[in-house]
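Trainee: I am new to this structure and would be grateful for a close look at a single part of it. Please choose a suitable part and explain how it sits within the whole.

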Amino acid sequence: TPPEKRAAARHLAGPITIETLPPRGSNRSFARLTASAENSAILIRYDASARPENRLYADHTRRLERLGLPVPHILHHSPEHHFLLMEDGGREDLTTRMQHTTPRETLRLYRRILDAVVLLHTTCTRALRRRPIPLEPPFGPELYQWEHQLFLNEFVTPRKRLTAASK
């Protein structure tokens with residue numbers, strides 16, 4: 001959309017390629033916008049009417065960033081057009097990275113992760129208790145059932161098919 005193009009042009013220099021990322025939940029779609037190997041961002045489009053919590057994503061991320069938590073930086077948020085542009089954390093996920101690290105590097109990565117978890121559950125939690133942020137209602141039995149079914153449909157069932165096909 002034109003607002004997305006303007007936001008991307010402000011943060012990425014040069015011609016931009018768009019890579020649609022795999023589907024996610026919560027009525028959000030993700031795309032990687034790349035101008036060069038060192039110049040990319042993630043575009044998140046969201047449905048605020050079906051999932052009101054999507055409106056909170058950028059503000060929550062900014063608050064956690066201010067508290068020192070290592071989160072992707074929000075480059076642009078357009079609540080009126082239901083999208084945000086954020087820092088690209090890279091193409092390699094932790095599981096993939098761990099397959100190619102030395103034990104020393106693995107330990108270093110886990111320490112960084114655990115440092116972030118400790119920060120989240122200490123400093124950030126205390127700060128958020130003093131100045132709460134808007135939250136959605138807590139999970140209940142219906143949502144746990146829905147999440148369980150989603151896990152079965154999206155993770156277990158496809159892998160069962162792969163296992164059956166390989167026999």
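Mentor: In what follows, a helix is a DSSP run of type H or I with at least four residues, a strand is a run of type E with at least two, and both are numbered from the N terminus. The model under discussion is predicted. On that basis the protein has 5 helices and 5 strands, and along the sequence these follow the pattern α-β-β-β-α-β-β-α-α-α. The protein comprises 167 residues, of which 29% are buried. Its C-alpha trace spans about 50 × 45 × 40 Å along the principal axes. About 12,000 Å² of the protein is exposed, and carbon and sulfur atoms supply 58% of that area. Of the contacts between residues at least 6 apart in sequence, 48% join residues at least 24 apart.

The part I propose to examine is Asp88 and its surroundings. Asp88 belongs to the loop between β5, residues 83-87, and α3, residues 94-98. Is this residue of the loop buried or exposed? Asp88 has a relative accessible area of 16%, and it is therefore buried, since the limit for that term is under 20%.

The side chain of Asp88 has two polar partners to consider. One is the side chain of Ser40, with which Asp88 makes a polar contact at 2.8 Å. The other is the backbone nitrogen of Gly90, which the side chain of Asp88 reaches at 2.9 Å. When neighbours within four places in sequence are set aside, Asp88 is in contact with Arg32, Ser40, Ala41 and Ile42.

Arg32 leads to the next level of the picture. Asp88 and Arg32 belong to a network of salt bridges that also includes Glu19 and Arg91. Within this network, Glu19 forms a salt bridge with Arg32, in which the closest N and O atoms are 3.6 Å apart. This pair links distant parts of the chain, for Glu19 lies in strand β1 and Arg32 in strand β2, 13 residues apart. The two partners fall into separate classes of accessibility. Arg32 has a relative accessible area of 7% and so is buried, whereas Glu19, at 29%, counts as partly exposed.

The structure holds 9 salt bridges, and further examples involve Arg97. Its side chain meets that of Glu92 in a salt bridge of 3.9 Å, N to O. Arg97 also meets Glu105 in this way, at 3.0 Å. Arg97 is partly exposed, with a relative accessible area of 31%, and Glu92 is likewise partly exposed, at 43%.

Strand β2 also has a part in covering helix α1, which occupies residues 2-11 and has Pro3, Glu4, Ala7 and Ala8 as buried residues. Viewed down the axis of α1, these residues fall within an arc of 130°, so they line one face of the helix. The other side of α1 carries the exposed residues Pro2, Lys5, Ala9 and Arg10. The cover over the buried residues includes β2 (28-36), β3 (39-46), β4 (74-78) and β5. Strand β5 thus appears in two places in this account: it helps to cover α1, and it precedes the loop that holds Asp88.

On the other side of that loop is α3, the helix in which Leu94 lies. Leu94 is partly exposed, because its relative accessibility is 37%. Together with Tyr110, Ile113, Leu114 and Val117, it forms a nonpolar patch on the surface, with about 420 Å² of accessible area in total. Helix α4, residues 103-130, contributes the largest share of this patch, namely 4 residues.

Two other loops deserve a brief remark on backbone geometry. Asn27, in the loop between β1 and β2, has a positive phi of about 55° although it is not a glycine. His82, in the loop between β4 and β5, is also not a glycine and has a positive phi of about 60°. Asn27 is partly exposed, at a relative accessible area of 39%, and His82 is partly exposed as well, at 33%.

To return to the part chosen at the outset, Asp88 is a buried loop residue in polar contact with Ser40 and joined with Glu19, Arg32 and Arg91 in a network of salt bridges.

Notes. Residues numbered from 1 in each chain as written. Predicted model: local features only at pLDDT ≥ 70, side-chain atom pairs only at ≥ 80, totals over all residues. Heavy atoms only, no water. Buried < 20%, exposed > 50% of the residue type's maximum accessible area, 1.4 Å probe, protein only. Polar contact = N/O pair within 3.5 Å; in protein donor to acceptor, adjacent residues only side chain to side chain. Contact = heavy atoms within 4.5 Å. Arc of directions from axis to C-beta. Patch = residues over 30% accessible without salt bridge, like charges linked within 9 Å, V, L, I, M, F, W, Y side chains within 5 Å. Areas by Shrake-Rupley, 256 points an atom, 1.4 Å probe, with all protein chains shown as cover. Salt bridge = Lys/Arg side-chain N within 4 Å of Asp/Glu carboxyl O.
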